[in-house]
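Student: I would like a close look at one part of this model, the place where aromatic rings come together. Please set that part in its surroundings, moving outward step by step.

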Amino acid sequence: MNDHEQQQPAPRRGKVLEALARAERKVFTRPAPTSAKAQIEFLRTRAKRSTKALAEQLGVSPRTVQRYRAGQQTKPQKRLQAALVEETESQWQPQVRAHARERAATSSGMMVEVTAYFGFTCSGSSDDGRIRTITTPISPLYVKQILELQEAGATEEELHPIVAEAITESYFTEWGTRADGLRADFTHVQSIDFQF
């Protein structure tokens with residue numbers, strides 16, 4: 001087996017992680033670079049002008065980075081294109097993103113809209129589990145936990161319980177005013193969106 005056959009595709013982010021990334025992109029005050037050349041130039045600046053460091057970060061050769069900088073190549077393959085977009089957006093306007101995250105984790109919270117299968121555990125009776133579309137605010141306490149888990153590299157499965165707990169508190173128990181002891185879990189997430 002050669003190196004090419006052993007190379008694994010880049011892991012896809014789950015729906016919750018992708019929704020958090022989309023929410024951050026919505027707070028940008030300027031659009032991120034979209035052409036491969038502009039993305040390479042931006043990322044090279046962030047890599048302290050090191051072509052070698054940028055090449056390692058993107059998983060390509062330094063010569064490939066040089067070709068895009070010189071305009072000799074303009075259309076990257078899918079894997080490189082995905083890496084360019086992800087790296088550019090993850091490093092674009094860090095202060096704007098940090099400010100939005102801080103505000104959401106300390107005062108404003110976030111809105112979540114999710115379509116998923118919700119199942120329930122409770123003392124007494126409850127609705128049977130089913131697919132629901134729910135739009136509800138998430139308190140800053142939960143936002144802080146979700147963002148800390150995201151920064152620590154949590155997996156999709158590790159984020160589901162805290163997001164489900166946040167939705168339970170806000171939507172199902174209305175901040176502890178009803179349905180005492182109810183716990184909701186969600187699986188089979190069809191779609192999810194967050195808004196700072």
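Tutor: Ring pairs join Phe 118, Tyr 171, Phe 172 and Phe 186 into one cluster, and what follows should be read with the reminder that this is a predicted model. A pair of aromatic rings is described by the distance of the centres and the angle of the planes. The count of aromatic pairs comes to four. Among them is the pair of Tyr 171 with Phe 172, which is edge-to-face, with 4.9 Å from centre to centre and 85° between the planes. That label follows because an angle over 60 degrees counts as edge-to-face. The two partners differ in their exposure class: Tyr 171 has a relative accessible area of 33% and is therefore partly exposed, whereas Phe 172, at 6%, counts as buried.

Phe 172 leads to the helix that carries it, for it is one of the buried residues of α9. Helix α9 covers residues 156-172, and its 17 residues should span 24 Å at 1.5 Å a residue, which agrees with the 22 Å between its end C-alpha atoms. The buried residues of this helix also include Leu 159, Ile 162, Val 163, Ile 167 and Ser 170. In general, an α-helix has 3.6 residues a turn, so residues three or four places apart point the same way. The buried residues of α9 pack against two helices, α2 and α8 (140-151), and against the strands β1 (110-121), β2 (130-138) and β3. Just after the helix, Glu 174 takes a positive phi of about 45°.

The three strands in that list make up an open sheet, in the order β2-β1-β3 and with antiparallel pairing. Strands β2 and β3 are its edges, each pairing on one side only, and the twist from one strand to the next averages 30°. The antiparallel pairing of β1 with β3 extends over 10 bridges, and Val 112 stands opposite Phe 194 in β3. Strand β3 also holds His 188, which has a positive phi of about 50° although it is not a glycine. Most residues other than glycine have a negative phi. The side chain in question is not hidden, as His 188 is exposed, with a relative accessible area of 64%.

Helix α2, named above among the partners of α9, lies across β1 and β3 and runs at about 30° to β3. A salt bridge accompanies this arrangement: Asp 193 meets Arg 22, with the closest N and O atoms 2.8 Å apart. Since Asp 193 lies in β3 (residues 183-195) and Arg 22 in α2 (residues 15-26), the pair ties together parts that are 171 residues apart in sequence. Both ends of this bridge retain some exposure, Asp 193 being partly exposed at 32% relative accessibility and Arg 22 likewise partly exposed at 27%.

A further bridge leads from α2 toward another helix, for Arg 97 pairs with Glu 24, the closest N and O atoms being 3.7 Å apart. Here Arg 97 belongs to α7 (residues 94-108) and Glu 24 to α2, so that distant parts of the chain, 73 residues apart, are linked. Unlike the partly exposed Asp 193, Arg 97 and Glu 24 are both buried. They are also members of a network of salt bridges that takes in Arg 101 and Glu 151. In the loop between α6 (78-91) and α7 sits Gln 93, another residue that has a positive phi, of about 45°, without being a glycine. Gln 93 is buried, with a relative accessible area of 10%.

The salt bridges of the model number seven. One more of them, formed by Arg 69 and Glu 41 at 2.8 Å from N to O, ties α5 (residues 62-70) to α3 (residues 36-46), parts that are 28 residues apart in sequence. Its ends are partly exposed too, with Arg 69 at 28% relative accessibility and Glu 41 at 25%.

How values were computed. Residues are numbered from 1 along each chain as its sequence is written. This is a predicted model: local features need pLDDT of at least 70, side-chain atom pairs count only at pLDDT 80 or more; totals for chains, interfaces and linings use all residues. Side-chain values use heavy atoms; hydrogens and water are left out. Rings of Phe, Tyr and Trp (its six-membered ring) pair if their centres lie within 6.5 Å; planes under 30 degrees apart count as stacked, over 60 as edge-to-face and the rest as tilted. Buried means under 20% relative accessible area, exposed over 50%, partly exposed in between (1.4 Å probe, protein chains only). A salt bridge is a side-chain nitrogen of Lys or Arg within 4 Å of a carboxyl oxygen of Asp or Glu. Helices (H or I, at least four residues) and strands (E, at least two) are DSSP runs, numbered from the N terminus. The expected span of a helix is 1.5 Å times one less than its number of residues. Contact means heavy atoms within 4.5 Å. Two strands pair if DSSP finds at least two bridges between them. Axes are lines fitted to C-alpha atoms, for helices over the stretch in contact, and angles run from 0 to 180 degrees between N-to-C directions.
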